[in-house]
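Trainee: Got a minute to go through this one with me? I'd like to start with what "buried" means.

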Amino acid sequence: VQNALGHTRIWFSPLFQVISDFDMTLSRFGCNGRRCPTSHNILDTSRVISEDGKKKLKDLFHYYYPIEIDPNQTLEEKRPLMVEWWTKAHELLVQQKIHKDDIAQIVRESEAMLRDGFKEFFDQLHKNNIPLFIFSAGVGDVLEEIIRQANVFYSNVNVVSNYMDFDDDGVLTHFKGPLIHTYNKNNSVLQGTGYFQQLSTRTSIILLGDSMGDLTMADGVPSVENILKIGFLNDKVEERRGKYLDSYDIVLERDETLDVVNGILRYIV
């Protein structure tokens with residue numbers, strides 16, 4: 001654990017919320033030396049995608065992912081390229097005529113895994129009536145199904161993500177707007193959701209993320225009084241450590257558990 005908490009105050013307050021990314025934050029980055037899939041990857045590699053579609057989606061990943069995590073490119077340089085990536089990927093998925101009824105089975109057949117300690121994490125928040133807001137650039141229908149199959153989709157969980165839209169026959173026709181990618185997870189895509197307005201009194205926040213883009217997830221909360229930012233540094237650790245330590249209060253390197261987060265939650269509640 002890389003700890004930069006010297007300047008951070010841990011508070012006791014019943015009026016706090018948790019704002020979290022999903023892919024590679026609540027879900028695992030890897031297991032037994034293999035990468036775990038994101039919610040997009042689960043669809044991209046599933047049986048409902050043609051071989052040609054899989055190749056095109058994989059090519060997009062290999063081109064754009066290095067740009068997404070490149071510490072030497074600015075956010076201004078990355079944003080239009082992330083829009084380009086997400087738009088192309090969504091268009092390819094629409095071409096596959098994915099059926100809504102297939103999603104649950106696709107998730108069951110995948111290697112998706114939540115981080116160790118996820119049950120305590122979700123249970124603690126639910127038991128203590130602490131809102132969990134999941135702000136994801138992934139596929140909302142898929143990530144909700146992952147949480148549902150893990151039996152932790154409680155009433156205190158709210159999700160904003162990229163959701164699929166289906167026709168009357170249950171076939172994917174397009175993705176609902178606005179488009180959410182790694183570097184626009186902020187108030188600009190939350191207008192009209194009403195979520196932050198409902199929780200305006202929850203001015204103390206624990207924020208969980210695994211990218212520089214996740215740092216803006218709490219920007220829509222009015223009058224933030226306390227915020228503790230916990231970052232999961234999963235990949236290119238040596239090269240990215242400096243920026244993460246400058247940006248997050250706690251940096252967890254190559255850690256596939258929620259143990260530190262759960263310990264902090266136990267301390268607060």
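Mentor: Sure. Buried means under 20% relative accessible area, and exposed means over 50%. Keep in mind that this is a predicted model.

Trainee: OK. So is His-181 buried or exposed?

Mentor: Buried, because its relative accessibility is 3%.

Trainee: Where is His-181 found?

Mentor: In the loop between β8 (172-175) and α7 (195-198).

Trainee: Which backbone nitrogen does its side chain reach?

Mentor: That of Tyr-183, at 3.0 Å.

Trainee: And leaving aside neighbours within four places in sequence, what is His-181 in contact with?

Mentor: Arg-79, Met-82, Val-83, Trp-86 and Ala-137.

Trainee: Which residues does the cis peptide bond join?

Mentor: Gly-177 and Pro-178, with omega at about -5°. Pro-178 lies in the loop between β8 and α7. His-181 is found in that loop too.

Trainee: New topic. How many disulfides are there?

Mentor: Zero.

Trainee: Why no bond between Cys-31 and Cys-36?

Mentor: The sulfur of Cys-31 is 5.5 Å from the one in Cys-36, its closest cysteine sulfur, so they are too far apart for a bond. The cut-off for a disulfide is 2.5 Å.

Trainee: Is Cys-36 buried or exposed?

Mentor: Cys-36 counts as buried, because its relative accessibility is 5%.

Trainee: Let's do pockets. How much space lies in the largest pocket?

Mentor: About 370 Å³. The lining has 13 residues, and the closest to the centre are Pro-37, Asn-41, Thr-45, Lys-58 and Phe-61.

Trainee: Which element gives the most to that lining?

Mentor: α2, with five residues. At least two residues each come from β4 (34-35), α1 (39-44) and α2 (51-68).

Trainee: How do the lining residues divide into nonpolar, polar and charged?

Mentor: Four are nonpolar, three are polar and six are charged.

Trainee: Last thing, backbone angles. What is the phi of Met-24?

Mentor: It is positive, about 70°, although Met-24 is not a glycine. Met-24 is found in the loop between β2 (16-20) and β3 (30-31). Met-24 counts as buried, because its relative accessibility is 5%.

Trainee: And what about the phi of Lys-97?

Mentor: Positive as well, about 55°, and Lys-97 is not a glycine. Its place is in the loop between α3 (75-95) and α4 (103-109).

Trainee: Is Lys-97 buried or exposed?

Mentor: Exposed, because its relative accessibility is 61%.

Note on methods: Residues numbered from 1 in each chain as written. Predicted model: local features only at pLDDT ≥ 70, side-chain atom pairs only at ≥ 80, totals over all residues. Heavy atoms only, no water. Helix = DSSP H or I, 4+ residues; strand = E, 2+ residues; numbered from the N terminus. Buried < 20%, exposed > 50% of the residue type's maximum accessible area, 1.4 Å probe, protein only. Polar contact = N/O pair within 3.5 Å; in protein donor to acceptor, adjacent residues only side chain to side chain. Contact = heavy atoms within 4.5 Å. 1 Å grid on protein atoms, 1.4 Å probe; cavity = no way out; pocket = protein on both sides within 12 Å on 5 of 7 lines; lining within 4 Å. Points joined across faces, edges and corners; volume = space filled by probe spheres on them. Nonpolar A, V, L, I, M, F, W, Y, C, P; charged D, E, K, R; others polar.
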